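Grab your viewer and work through these exercises with me. Try each task yourself before reading the solution under it.

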Amino acid sequence: MKLTNIKDIFKNKISIDSLIKINGWVKNKRISKSNLIFIDLYDGSFINTLQIVSNNKLLNYYTEIIKLTTGCSISVKGKLIKSFKDKEKLELHVLELNVLGWVKNPNFYPISSKKHTMEHLRKFSHLRSRTNIIGAISRIRSVVFQGFHNYFYKNGYYWVPSPIITSINSEGAGEMFSVLNENFKENNIDKNNNFFGKKVFLTVSGQLTIESYACSISKVYTFGPIFRAENSNTTRHLSEFWMLEVELAFLNLNKIIHVIEKILKYVISLVLKNNYEDLLFLKKNINENIIFRLKKFVSSKIKKINYVDAVKILKENYNFNDNSIFFGMDLNSDHEKFLVDKYFKAPLIILNYPKELKPFYMRINDDNKTVSNLDILFPGVGEIIGGSQREERIKYLEKRILELKLNKKHYKWYRDLRNYGTVPHSGFGLGLERLIMYITGIKNIKDVIPFPRTIKNADF
Ligand code: ATP
Ligand code: MN
């Protein structure tokens, strides 16, 4: 008997009347007047449950099947048929049902079949993927991650893993966690606990290291976990999150915008195709708008404005007659929300920020005031992408290093890239969890990563 999964059944890959075996968990159970037991079975492959029908002639009907509760794991053999009641529906008529695992104390099962709040589920990160909602998010997340790799593979990019333990202190990117070796301390070999002979950290960005590969194998990306000691509890910051960083030689900022649009459209189309039923569930339960806005995203161009115009819009339209809105201000999350949720009601690229707001490596514009950068903001989430053309001219780079009082020696290797055959190049970093928030409509970043790490929270 062929072992199958629920997705294949719903995608019509299994013919009616075939005998199949299926493994999964009980979502719901009810008993009809004629003593038929109906079980909604899920196996995680698909959002929908498969209806399993057992009659009271089965050997373990009274000893086991009747006692099943939500969460029990079972293995079922049976015949796939069209439901008598609803010819559109498929169900499995049981020939044999084996219980693999019972639920101890069903009344205390944290993932009972009633609706739970996201806060409740967060307390049970090890069990919450059993719910429809976290199941849907997890499947979408996986398709997005694979989708990026597929896109890059198909389009001639090389995957360059940047190191996770690093001595680069990427100025401005965020607070770093340092890496220590506990044994070193105990053995008293080095009082400073300096395993590497210098201070090292968990990476806050792989950009600087992959720039060296962009300046040799041209089209590269790095894709891995990023660590930032974010000392605030927001709905869009994690201490450990995933970032995609792309770096391309011979490209200016305008061309990179084109690349970003193509990549995002590819991945979002893939989710629309692969996870349509998951999106329907999220549309019904989380945000009415999500499918419409994803389809619209795929078929339109992202709006672009200059930072200076963003400030103008805020000055004229934001409901504050406020002196804190001026050229040179950083946009806070309320400003960002106003621009994308209220004013443009669409994703938005903001270009050319004042150099004071941005790190040393961004290419200075001819006005000598702004840099060639972009931030991309999305409705309901805020910034998802930050990028720039990098300063490839050694003279300007060294001037910025000096102005910002950075230690020139630390950047010797980075300056080498400009001293030996420098090329124009650009890149961007995309926060994967923020993108998943946009795609799924989920409001809190802690719900789009399996085991979130935030301040005072590193369970499991
Ligand atoms: P923000 O202003 O929202 O803190 P940032 O300016 O620090 O973002 P970058 O350093 O440009 O962000 O990082 C690139 C991308 O990484 C951001 O656009 C965002 O999508 C994501 N990101 C940054 N910090 C976090 C975080 N703490 N948790 C999750 N994603 C993050
Ligand atoms: Mn930040």
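## Exercise 1: The ligand and its contacts

**Task.** Find which side-chain atoms reach the oxygen atoms of ligand 1, starting with histidine 237.

**Solution.** Start with histidine 237: an N or O atom in its side chain is 2.7 Å from an oxygen atom of ligand 1. Keep in mind that this is a predicted model.

Next, check glutamate 383, where a polar side-chain atom also sits 2.7 Å from a ligand oxygen. Then go to arginine 434, which has a polar side-chain atom 3.0 Å from an oxygen of ligand 1. The cut-off for a polar contact is 3.5 Å. As for cover, ligand 1 on its own has 580 Å² of accessible area, and the protein hides 81% of that.

Now widen the view to the shell. There are 15 residues around ligand 1, and the nearest are Glu230, His237, Leu238, Glu383 and Ile384. Sorted by class, you get 6 nonpolar, 4 polar and 5 charged residues.

## Exercise 2: A strand beside the ligand

**Task.** Which strand gives the largest share of the shell around ligand 1, and is that strand largely enclosed or open?

**Solution.** First, list the strands that each bring at least two shell residues: strand 11 (240-249), strand 15 (382-389) and strand 16 (425-431). Strand 15 takes the largest share, with 4 residues.

Second, look at burial. In strand 15, 6 of the 8 residues are buried, so the rest of the structure largely encloses it. The test for buried is a relative accessible area under 20%.

Third, find the partners of strand 15. On strand 14 (residues 373-378) the pairing is antiparallel, with 6 bridges, and leucine 374 has glycine 387 of strand 15 as its bridge partner. These two strands make a hairpin with 3 residues between them, and glycine 380 in the turn shows a positive phi of about 80 degrees. Strand 16 also pairs with strand 15 in the antiparallel sense, over 5 bridges. To see that pairing in your viewer, pick glutamine 389 and its bridge partner serine 426 in strand 16.

## Exercise 3: A strand covered on both faces

**Task.** Work out which residues of strand 3 lie on each side, and whether they are buried or exposed.

**Solution.** Begin with the general pattern: along a regular strand, side chains alternate between the two faces of the sheet.

Apply that to strand 3. Ile37, Ile39 and Leu41 fall on one side, Phe38, Asp40 and Tyr42 on the other, and all of them are buried, which leaves both faces covered. Put as a count, 6 of the 6 residues of strand 3 (residues 37-42) are buried, so the strand is largely enclosed by the rest of the structure.

Then trace the strands it pairs with. Strand 2 (residues 19-31) runs antiparallel to strand 3 and is joined to it by 6 bridges; valine 26 stands opposite leucine 41 there. The two form a hairpin with 5 residues between them, and asparagine 35 in the turn has a positive phi of about 65 degrees. Strand 4 (residues 50-54) pairs with strand 3 over 5 bridges, again in the antiparallel sense, and aspartate 40 stands opposite glutamine 51.

## Exercise 4: Aromatic pairs

**Task.** Classify the ring pair of tyrosine 307 and tyrosine 353, and say where in the chain the two residues sit.

**Solution.** The structure holds 28 aromatic pairs. For tyrosine 307 and tyrosine 353, the centres are 5.1 Å apart and the planes meet at 40 degrees, a tilted pair. Tyrosine 307 is in helix 9 (residues 307-317), while tyrosine 353 is in the loop between strand 13 (348-351) and strand 14, so the pair links distant parts of the chain, 46 residues apart. Both tyrosines are buried.

Try phenylalanine 338 and tyrosine 343 too: they are also tilted, at 6.3 Å and 35 degrees. Here phenylalanine 338 is buried at 13% relative accessible area, but tyrosine 343 is partly exposed at 39%.

## Exercise 5: A buried arginine

**Task.** What does the side chain of arginine 128 reach?

**Solution.** Locate arginine 128 in the loop between helix 2 (118-122) and helix 3 (132-154). With a relative accessible area of 2%, arginine 128 counts as buried. Its side chain reaches two backbone oxygens: that of lysine 446 at 3.1 Å and that of proline 450 at 3.0 Å.

Definitions and conventions: Residues are numbered from 1 along each chain as its sequence is written. Chains are lettered from A and ligands numbered from 1 in the order in which they are written. This is a predicted model: local features need pLDDT of at least 70, side-chain atom pairs count only at pLDDT 80 or more; totals for chains, interfaces and linings use all residues. Side-chain values use heavy atoms; hydrogens and water are left out. A residue is near a molecule or strand if one of its heavy atoms lies within 4 Å of it. A polar contact is a pair of N or O atoms within 3.5 Å; within protein, one must be able to donate a hydrogen and the other to accept it, and residues adjacent in sequence count only if both atoms are side-chain atoms. Accessible areas come from the Shrake-Rupley method with a 1.4 Å probe; for residues, only the protein chains shown count as cover. Ala, Val, Leu, Ile, Met, Phe, Trp, Tyr, Cys and Pro count as nonpolar, Asp, Glu, Lys and Arg as charged, and the others, Gly among them, as polar. Buried means under 20% relative accessible area, exposed over 50%, partly exposed in between (1.4 Å probe, protein chains only). Two strands pair if DSSP finds at least two bridges between them. Rings of Phe, Tyr and Trp (its six-membered ring) pair if their centres lie within 6.5 Å; planes under 30 degrees apart count as stacked, over 60 as edge-to-face and the rest as tilted.
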